[in-house]
Amino acid sequence: MNEMEHKGNWSPPVADEGYIFVPSNEGFINKFFKDDGARVSGWQYPQSENSLGSFYGHMVLNDGVLFGSGYGNGEGKRCQNRKCISNIFAIDVESSQSIWMEGMLKVDGSIVGGLVSHENIIYFTVNTNDSSSGVGSHIYAVDATSDYDKKLGDLTNRILWKQPIESKVFSTPIIDGENNILILGLLDGQIMLLDISTDSKKRSITSIDTGFPVVSSVIDVGEGNYCYGNINGQMGCITVSRNSQGIFDIEQWNELQLDGWIWSSAERDDRNLYLVTLSGWVYRLDIDIPSKSIDINWKKELKFDGKPIGGLTLYSWRNRNLLAVPFDNDKVITLDAMTGSIDGEFPLKEGVQSKPLIIDNLMYVLDEKNNFQSFSLGDRSLIKCFNLKDMKVCD
(Lines give C-alpha, C1' and ligand atoms only; values in the text may rest on other atoms or scores of the structure.)
Protein backbone atom coordinates (compact mmCIF):
# COMPACT_ATOMS: atom_id res chain seq x y z
CA MET A 1 0.00 0.00 0.00
CA ASN A 2 1.25 3.49 -0.82
CA GLU A 3 0.03 6.95 0.18
CA MET A 4 -2.16 7.49 -2.87
CA GLU A 5 -3.83 4.16 -3.65
CA HIS A 6 -4.35 0.92 -1.81
CA LYS A 7 -3.34 -2.29 -3.51
CA GLY A 8 -3.75 -5.96 -2.76
CA ASN A 9 -6.39 -7.93 -0.87
CA TRP A 10 -4.92 -9.52 2.24
CA SER A 11 -8.02 -10.90 3.96
CA PRO A 12 -8.07 -14.74 3.90
CA PRO A 13 -11.12 -17.02 3.59
CA VAL A 14 -12.95 -18.09 6.76
CA ALA A 15 -15.08 -21.19 7.37
CA ASP A 16 -17.88 -22.55 9.52
CA GLU A 17 -19.03 -26.19 9.73
CA GLY A 18 -20.36 -26.42 6.19
CA TYR A 19 -19.18 -23.45 4.15
CA ILE A 20 -16.22 -21.24 3.25
CA PHE A 21 -16.60 -17.48 2.82
CA VAL A 22 -14.19 -15.95 0.35
CA PRO A 23 -13.42 -12.24 -0.25
CA SER A 24 -12.48 -11.32 -3.81
CA ASN A 25 -10.41 -8.62 -5.51
CA GLU A 26 -13.68 -7.42 -7.03
CA GLY A 27 -14.90 -6.35 -3.60
CA PHE A 28 -17.52 -9.07 -3.06
CA ILE A 29 -17.83 -12.05 -0.69
CA ASN A 30 -18.84 -15.45 -2.05
CA LYS A 31 -19.84 -18.69 -0.34
CA PHE A 32 -18.56 -22.16 -1.19
CA PHE A 33 -19.60 -25.66 -0.06
CA LYS A 34 -16.90 -27.39 1.96
CA ASP A 35 -17.88 -30.89 0.86
CA ASP A 36 -17.38 -30.41 -2.90
CA GLY A 37 -15.82 -26.95 -3.24
CA ALA A 38 -18.65 -25.64 -5.45
CA ARG A 39 -19.85 -22.04 -5.21
CA VAL A 40 -23.26 -21.54 -3.58
CA SER A 41 -25.29 -20.12 -6.46
CA GLY A 42 -27.02 -16.81 -5.75
CA TRP A 43 -25.10 -16.12 -2.53
CA GLN A 44 -23.05 -12.93 -2.78
CA TYR A 45 -22.52 -9.87 -0.63
CA PRO A 46 -23.25 -7.16 -1.44
CA GLN A 47 -25.80 -7.99 -4.12
CA SER A 48 -25.68 -4.48 -5.60
CA GLU A 49 -23.25 -3.41 -8.31
CA ASN A 50 -21.18 -1.34 -5.87
CA SER A 51 -18.59 -3.49 -4.14
CA LEU A 52 -17.06 -3.18 -0.68
CA GLY A 53 -13.66 -2.14 -2.08
CA SER A 54 -10.52 -3.98 -0.96
CA PHE A 55 -10.41 -6.33 2.02
CA TYR A 56 -7.44 -6.10 4.37
CA GLY A 57 -8.23 -7.23 7.92
CA HIS A 58 -9.45 -10.74 8.72
CA MET A 59 -13.18 -11.39 8.77
CA VAL A 60 -14.83 -12.80 11.93
CA LEU A 61 -17.55 -15.48 12.09
CA ASN A 62 -19.67 -15.29 15.23
CA ASP A 63 -22.93 -17.24 15.79
CA GLY A 64 -23.90 -17.33 12.13
CA VAL A 65 -22.91 -13.74 11.40
CA LEU A 66 -19.93 -12.73 9.28
CA PHE A 67 -18.33 -9.44 10.37
CA GLY A 68 -15.66 -7.61 8.42
CA SER A 69 -14.70 -4.49 6.50
CA GLY A 70 -13.50 -3.23 3.15
CA TYR A 71 -12.64 0.19 1.85
CA GLY A 72 -12.65 2.10 -1.41
CA ASN A 73 -14.02 5.28 -2.98
CA GLY A 74 -17.63 4.52 -2.00
CA GLU A 75 -18.50 3.24 -5.46
CA GLY A 76 -16.65 -0.05 -5.35
CA LYS A 77 -13.38 1.26 -6.76
CA ARG A 78 -10.02 1.95 -5.22
CA CYS A 79 -9.79 5.24 -3.38
CA GLN A 80 -7.50 7.94 -4.74
CA ASN A 81 -6.07 11.09 -3.17
CA ARG A 82 -6.74 9.70 0.31
CA LYS A 83 -10.53 9.99 -0.13
CA CYS A 84 -11.46 6.61 1.30
CA ILE A 85 -14.70 5.23 2.68
CA SER A 86 -14.77 2.13 4.86
CA ASN A 87 -17.67 -0.33 4.75
CA ILE A 88 -18.29 -2.39 7.89
CA PHE A 89 -20.63 -5.33 7.38
CA ALA A 90 -22.53 -7.88 9.46
CA ILE A 91 -23.99 -10.61 7.24
CA ASP A 92 -26.36 -13.44 8.07
CA VAL A 93 -24.45 -16.33 6.52
CA GLU A 94 -27.63 -18.19 5.54
CA SER A 95 -29.40 -15.39 3.69
CA SER A 96 -26.42 -13.17 2.68
CA GLN A 97 -28.42 -10.22 4.06
CA SER A 98 -27.20 -7.63 6.54
CA ILE A 99 -28.47 -8.02 10.11
CA TRP A 100 -28.58 -4.22 10.37
CA MET A 101 -31.50 -2.18 9.11
CA GLU A 102 -29.21 0.34 7.45
CA GLY A 103 -27.25 -2.37 5.68
CA MET A 104 -23.52 -1.80 5.98
CA LEU A 105 -22.04 0.95 8.14
CA LYS A 106 -20.07 3.55 6.17
CA VAL A 107 -17.40 5.76 7.77
CA ASP A 108 -14.84 8.11 6.25
CA GLY A 109 -11.29 6.75 6.25
CA SER A 110 -9.60 3.38 5.78
CA ILE A 111 -9.53 0.21 7.90
CA VAL A 112 -6.30 -1.70 7.35
CA GLY A 113 -6.46 -3.97 10.41
CA GLY A 114 -9.34 -6.26 11.23
CA LEU A 115 -12.08 -5.95 13.80
CA VAL A 116 -12.70 -7.79 17.06
CA SER A 117 -16.00 -8.87 18.60
CA HIS A 118 -16.67 -8.76 22.34
CA GLU A 119 -20.00 -8.94 24.20
CA ASN A 120 -22.14 -7.85 21.22
CA ILE A 121 -19.83 -4.96 20.37
CA ILE A 122 -17.32 -4.84 17.55
CA TYR A 123 -14.20 -2.70 17.83
CA PHE A 124 -12.00 -1.47 14.98
CA THR A 125 -9.77 1.46 14.02
CA VAL A 126 -10.30 3.77 11.04
CA ASN A 127 -7.42 5.89 9.74
CA THR A 128 -8.52 9.42 8.92
CA ASN A 129 -8.33 10.73 5.37
CA ASP A 130 -6.85 14.01 6.61
CA SER A 131 -4.69 13.98 9.75
CA SER A 132 -3.84 17.71 9.63
CA SER A 133 -6.06 18.25 12.69
CA GLY A 134 -3.74 16.05 14.75
CA VAL A 135 -6.03 13.01 14.69
CA GLY A 136 -4.56 10.06 12.81
CA SER A 137 -7.35 7.59 13.47
CA HIS A 138 -10.45 6.80 15.52
CA ILE A 139 -11.21 3.69 17.55
CA TYR A 140 -14.86 2.72 17.07
CA ALA A 141 -17.20 0.72 19.29
CA VAL A 142 -20.24 -0.43 17.29
CA ASP A 143 -23.42 -2.23 18.34
CA ALA A 144 -23.13 -5.65 16.67
CA THR A 145 -26.61 -6.97 17.50
CA SER A 146 -29.24 -7.77 14.88
CA ASP A 147 -32.04 -5.27 14.32
CA TYR A 148 -34.59 -7.85 13.22
CA ASP A 149 -35.66 -8.91 16.70
CA LYS A 150 -35.95 -5.34 17.98
CA LYS A 151 -38.95 -3.12 18.33
CA LEU A 152 -38.80 0.27 16.65
CA GLY A 153 -38.13 2.01 19.95
CA ASP A 154 -35.18 -0.29 20.65
CA LEU A 155 -33.25 0.80 17.56
CA THR A 156 -30.32 2.96 18.63
CA ASN A 157 -27.30 4.60 17.07
CA ARG A 158 -25.05 1.96 15.54
CA ILE A 159 -21.88 3.77 16.68
CA LEU A 160 -21.73 3.61 20.48
CA TRP A 161 -18.61 5.76 20.74
CA LYS A 162 -15.40 6.63 18.96
CA GLN A 163 -12.07 7.63 20.45
CA PRO A 164 -9.63 9.88 18.55
CA ILE A 165 -5.91 9.06 18.68
CA GLU A 166 -2.93 10.83 17.12
CA SER A 167 -1.34 7.87 15.36
CA LYS A 168 -2.47 5.87 12.37
CA VAL A 169 -3.08 2.15 12.86
CA PHE A 170 -2.50 -0.92 10.68
CA SER A 171 -3.06 -3.60 13.34
CA THR A 172 -6.16 -5.30 14.75
CA PRO A 173 -7.15 -4.48 18.35
CA ILE A 174 -7.50 -7.21 20.95
CA ILE A 175 -9.67 -7.19 24.05
CA ASP A 176 -8.73 -8.04 27.64
CA GLY A 177 -12.26 -8.92 28.72
CA GLU A 178 -11.45 -9.46 32.38
CA ASN A 179 -10.05 -5.95 32.77
CA ASN A 180 -12.18 -4.23 30.07
CA ILE A 181 -9.14 -3.04 28.16
CA LEU A 182 -8.61 -2.65 24.42
CA ILE A 183 -4.94 -3.18 23.47
CA LEU A 184 -3.59 -1.83 20.20
CA GLY A 185 -0.26 -1.34 18.41
CA LEU A 186 0.24 2.05 16.71
CA LEU A 187 2.37 3.28 13.82
CA ASP A 188 4.04 5.81 16.13
CA GLY A 189 5.55 2.88 18.05
CA GLN A 190 3.18 2.87 20.99
CA ILE A 191 1.33 -0.02 22.58
CA MET A 192 -1.87 1.63 23.75
CA LEU A 193 -4.33 0.49 26.43
CA LEU A 194 -7.83 1.99 26.26
CA ASP A 195 -10.49 1.63 28.95
CA ILE A 196 -13.68 0.19 27.41
CA SER A 197 -15.71 -0.09 30.60
CA THR A 198 -19.34 0.66 29.86
CA ASP A 199 -19.56 2.99 32.86
CA SER A 200 -16.53 5.06 31.84
CA LYS A 201 -17.46 8.67 31.10
CA LYS A 202 -13.89 9.55 30.16
CA ARG A 203 -11.90 6.72 28.68
CA SER A 204 -8.42 6.56 30.16
CA ILE A 205 -5.47 5.77 27.92
CA THR A 206 -2.10 4.37 28.96
CA SER A 207 0.74 3.54 26.59
CA ILE A 208 4.33 2.37 26.37
CA ASP A 209 6.79 3.28 23.63
CA THR A 210 8.53 0.48 21.70
CA GLY A 211 10.65 2.91 19.67
CA PHE A 212 9.50 1.79 16.20
CA PRO A 213 6.17 1.40 14.36
CA VAL A 214 4.00 -1.53 15.44
CA VAL A 215 2.20 -3.00 12.42
CA SER A 216 1.33 -6.53 13.56
CA SER A 217 -1.36 -7.21 16.15
CA VAL A 218 -0.54 -7.70 19.81
CA ILE A 219 -0.69 -11.38 20.87
CA ASP A 220 -2.48 -12.68 23.98
CA VAL A 221 -0.17 -15.27 25.58
CA GLY A 222 -2.33 -15.90 28.65
CA GLU A 223 -2.73 -14.87 32.28
CA GLY A 224 -2.91 -11.16 31.48
CA ASN A 225 0.29 -11.23 29.41
CA TYR A 226 0.66 -9.86 25.89
CA CYS A 227 3.53 -9.86 23.40
CA TYR A 228 4.21 -7.48 20.52
CA GLY A 229 6.74 -6.87 17.76
CA ASN A 230 7.80 -3.79 15.80
CA ILE A 231 9.38 -3.17 12.42
CA ASN A 232 12.85 -3.02 13.97
CA GLY A 233 12.50 -6.73 14.77
CA GLN A 234 12.14 -6.18 18.49
CA MET A 235 9.86 -8.60 20.35
CA GLY A 236 8.68 -7.74 23.84
CA CYS A 237 5.92 -8.57 26.32
CA ILE A 238 3.84 -6.84 28.97
CA THR A 239 1.70 -7.88 31.93
CA VAL A 240 -1.53 -5.87 32.11
CA SER A 241 -3.75 -5.37 35.16
CA ARG A 242 -5.79 -2.77 37.02
CA ASN A 243 -4.85 -1.58 40.50
CA SER A 244 -7.28 -0.98 43.35
CA GLN A 245 -8.07 2.51 41.98
CA GLY A 246 -8.95 1.08 38.57
CA ILE A 247 -5.79 2.50 36.95
CA PHE A 248 -3.88 0.39 34.43
CA ASP A 249 -0.68 -1.24 35.60
CA ILE A 250 1.80 -2.29 32.89
CA GLU A 251 4.86 -4.38 33.64
CA GLN A 252 7.17 -4.53 30.63
CA TRP A 253 9.36 -7.63 30.45
CA ASN A 254 12.01 -9.14 28.25
CA GLU A 255 12.98 -8.03 24.78
CA LEU A 256 14.28 -10.17 21.96
CA GLN A 257 15.92 -9.02 18.73
CA LEU A 258 14.82 -10.84 15.58
CA ASP A 259 15.96 -10.54 11.96
CA GLY A 260 13.69 -8.35 9.85
CA TRP A 261 10.46 -6.46 10.26
CA ILE A 262 7.77 -8.05 12.43
CA TRP A 263 4.98 -7.27 10.02
CA SER A 264 2.26 -9.92 10.34
CA SER A 265 0.47 -11.63 13.20
CA ALA A 266 1.96 -14.57 15.09
CA GLU A 267 0.41 -17.97 15.89
CA ARG A 268 0.33 -19.32 19.43
CA ASP A 269 0.33 -22.95 20.58
CA ASP A 270 0.52 -23.34 24.34
CA ARG A 271 3.82 -21.66 25.29
CA ASN A 272 5.13 -21.60 21.70
CA LEU A 273 4.84 -18.52 19.51
CA TYR A 274 5.44 -18.84 15.75
CA LEU A 275 6.04 -15.88 13.46
CA VAL A 276 7.64 -14.88 10.17
CA THR A 277 9.44 -11.60 9.50
CA LEU A 278 9.25 -9.64 6.28
CA SER A 279 12.80 -10.71 5.36
CA GLY A 280 11.80 -14.39 5.43
CA TRP A 281 12.97 -15.60 8.84
CA VAL A 282 10.59 -18.01 10.57
CA TYR A 283 10.81 -18.34 14.37
CA ARG A 284 9.57 -20.62 17.07
CA LEU A 285 9.73 -18.72 20.35
CA ASP A 286 9.37 -20.24 23.81
CA ILE A 287 7.45 -18.03 26.25
CA ASP A 288 7.85 -18.79 29.95
CA ILE A 289 5.31 -16.66 31.81
CA PRO A 290 6.36 -17.57 35.40
CA SER A 291 9.94 -16.47 34.72
CA LYS A 292 8.79 -13.74 32.26
CA SER A 293 11.23 -14.71 29.54
CA ILE A 294 11.23 -15.31 25.77
CA ASP A 295 13.80 -17.53 24.08
CA ILE A 296 14.37 -18.59 20.47
CA ASN A 297 13.70 -22.33 20.16
CA TRP A 298 14.66 -22.37 16.46
CA LYS A 299 14.85 -20.00 13.50
CA LYS A 300 14.88 -20.73 9.79
CA GLU A 301 15.64 -18.41 6.88
CA LEU A 302 13.45 -18.97 3.81
CA LYS A 303 14.73 -17.65 0.48
CA PHE A 304 12.00 -17.69 -2.13
CA ASP A 305 10.64 -15.30 -4.73
CA GLY A 306 8.82 -12.38 -3.11
CA LYS A 307 7.98 -11.65 0.51
CA PRO A 308 6.00 -13.54 3.16
CA ILE A 309 2.42 -12.32 2.92
CA GLY A 310 -0.30 -12.35 5.58
CA GLY A 311 1.52 -14.29 8.29
CA LEU A 312 1.68 -18.05 8.74
CA THR A 313 -0.84 -20.81 9.43
CA LEU A 314 -0.30 -23.43 12.14
CA TYR A 315 -2.02 -26.77 11.46
CA SER A 316 -1.87 -30.50 12.23
CA TRP A 317 -1.40 -33.23 9.63
CA ARG A 318 -0.81 -36.92 10.31
CA ASN A 319 0.11 -36.35 13.98
CA ARG A 320 2.55 -33.57 13.12
CA ASN A 321 2.32 -29.83 13.74
CA LEU A 322 3.22 -27.87 10.61
CA LEU A 323 3.48 -24.25 9.51
CA ALA A 324 2.33 -22.90 6.15
CA VAL A 325 4.18 -19.74 5.04
CA PRO A 326 2.90 -17.95 1.90
CA PHE A 327 5.25 -15.99 -0.41
CA ASP A 328 3.46 -13.41 -2.55
CA ASN A 329 5.28 -14.04 -5.87
CA ASP A 330 5.79 -17.74 -5.60
CA LYS A 331 4.33 -20.48 -3.41
CA VAL A 332 3.28 -21.69 0.04
CA ILE A 333 6.12 -23.33 1.99
CA THR A 334 5.41 -25.83 4.77
CA LEU A 335 7.74 -26.43 7.74
CA ASP A 336 7.83 -28.83 10.65
CA ALA A 337 6.75 -26.74 13.65
CA MET A 338 8.89 -28.74 16.08
CA THR A 339 12.19 -28.56 14.19
CA GLY A 340 11.84 -25.81 11.56
CA SER A 341 12.85 -28.15 8.74
CA ILE A 342 11.16 -27.63 5.35
CA ASP A 343 8.42 -30.20 4.76
CA GLY A 344 7.26 -29.27 1.24
CA GLU A 345 5.78 -26.60 -1.01
CA PHE A 346 2.56 -25.74 -2.82
CA PRO A 347 3.45 -23.86 -6.02
CA LEU A 348 1.07 -21.14 -7.26
CA LYS A 349 2.09 -19.78 -10.64
CA GLU A 350 0.08 -16.58 -10.11
CA GLY A 351 1.55 -15.86 -6.69
CA VAL A 352 -0.14 -15.84 -3.29
CA GLN A 353 -2.41 -13.10 -2.03
CA SER A 354 -3.32 -14.00 1.54
CA LYS A 355 -2.72 -16.36 4.44
CA PRO A 356 -3.92 -19.93 3.68
CA LEU A 357 -6.94 -21.49 5.33
CA ILE A 358 -6.31 -25.15 6.24
CA ILE A 359 -9.21 -27.42 7.23
CA ASP A 360 -10.37 -31.00 6.55
CA ASN A 361 -7.06 -32.09 4.94
CA LEU A 362 -7.22 -29.28 2.39
CA MET A 363 -5.40 -25.98 1.93
CA TYR A 364 -7.44 -23.07 0.57
CA VAL A 365 -5.63 -20.07 -0.84
CA LEU A 366 -6.26 -16.99 -3.00
CA ASP A 367 -3.77 -16.08 -5.73
CA GLU A 368 -3.08 -12.64 -7.19
CA LYS A 369 -5.24 -13.32 -10.26
CA ASN A 370 -8.32 -13.71 -8.05
CA ASN A 371 -8.37 -17.52 -8.26
CA PHE A 372 -9.69 -19.36 -5.20
CA GLN A 373 -7.84 -22.70 -5.09
CA SER A 374 -7.84 -25.80 -2.92
CA PHE A 375 -4.98 -28.29 -2.59
CA SER A 376 -4.68 -31.73 -1.05
CA LEU A 377 -2.39 -31.80 2.00
CA GLY A 378 -1.46 -35.38 1.12
CA ASP A 379 0.04 -35.13 -2.37
CA ARG A 380 -0.19 -31.30 -2.72
CA SER A 381 -2.23 -31.62 -5.89
CA LEU A 382 -4.70 -28.95 -7.03
CA ILE A 383 -8.26 -30.08 -6.27
CA LYS A 384 -10.44 -27.09 -7.26
CA CYS A 385 -9.94 -23.67 -8.82
CA PHE A 386 -12.58 -20.95 -9.22
CA ASN A 387 -11.95 -17.52 -10.75
CA LEU A 388 -13.73 -14.86 -8.67
CA LYS A 389 -13.44 -12.20 -11.38
CA ASP A 390 -15.06 -14.15 -14.21
CA MET A 391 -17.19 -16.19 -11.73
CA LYS A 392 -16.41 -19.51 -13.34
CA VAL A 393 -14.21 -22.58 -12.91
CA CYS A 394 -10.60 -21.78 -13.87
CA ASP A 395 -9.51 -22.60 -17.41
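Start by selecting strand β30: Leu362, Tyr364 and Leu366 point one way from the strand, Met363 and Val365 point the other way, and all of them are buried. Before you go further, keep in mind that what you have open is a predicted model.

**Stop 1: strand β30**

Color residues 362–366 so the strand stands out. β30 is mostly covered, with five of its five residues buried. Why do the side chains go two ways? In a regular strand, side chains alternate between the two faces of the sheet.

**Stop 2: back to β29**

Now add residues 357–359, which make up strand β29. β29 and β30 pair in the antiparallel sense, with three bridges between them. To see how they line up, show Leu357 and look across to β30, where Tyr364 stands opposite. This is the Tyr364 that you met pointing the same way as Leu362 and Leu366. Next, click on the turn: the hairpin of β29 and β30 has two residues between the strands, and Asp360 there takes a positive phi near 50 degrees.

**Stop 3: on to β31**

Select residues 371–376 for strand β31, which pairs with β30 in the antiparallel sense over five bridges. Which residue of β31 stands opposite Leu362? Show Ser376 and you have found it. The hairpin here has four residues between β30 and β31. Pick Asn370 in this hairpin, and you'll find a positive phi near 70 degrees.

**Stop 4: the largest pocket**

Leave the strands and select His58, Thr172, Ser217, Ser265 and Gly310, the lining residues that lie nearest the centre of the largest pocket. The full lining has 41 residues, and the space in this pocket comes to about 1,000 Å³. Two elements each give two or more residues to this lining: β13 (174–176) and β21 (267–269). What classes of residue line the pocket? There are 20 nonpolar, 15 polar and six charged residues.

**Stop 5: the cavity**

How many cavities of 30 Å³ or more does the structure hold? Just one. The largest cavity has about 50 Å³ of space. To find it, select its lining, which includes Ser216, Ile219, Met235, Ile262 and Ala266. Then highlight strand β18 (residues 225–229), which gives the largest share of the lining, three residues. Cys227, Tyr228 and Gly229 are among the lining residues too. By class, this lining has six nonpolar and five polar residues, and no charged ones.

Finish with Ser217 and Ser265: both line the cavity, and both are among the residues nearest the centre of the largest pocket.

How values were computed. Residues numbered from 1 in each chain as written. Predicted model: local features only at pLDDT ≥ 70, side-chain atom pairs only at ≥ 80, totals over all residues. Heavy atoms only, no water. 1 Å grid on protein atoms, 1.4 Å probe; cavity = no way out; pocket = protein on both sides within 12 Å on 5 of 7 lines; lining within 4 Å. Points joined across faces, edges and corners; volume = space filled by probe spheres on them. Nonpolar A, V, L, I, M, F, W, Y, C, P; charged D, E, K, R; others polar. Buried < 20%, exposed > 50% of the residue type's maximum accessible area, 1.4 Å probe, protein only. Pairing = 2+ DSSP bridges.
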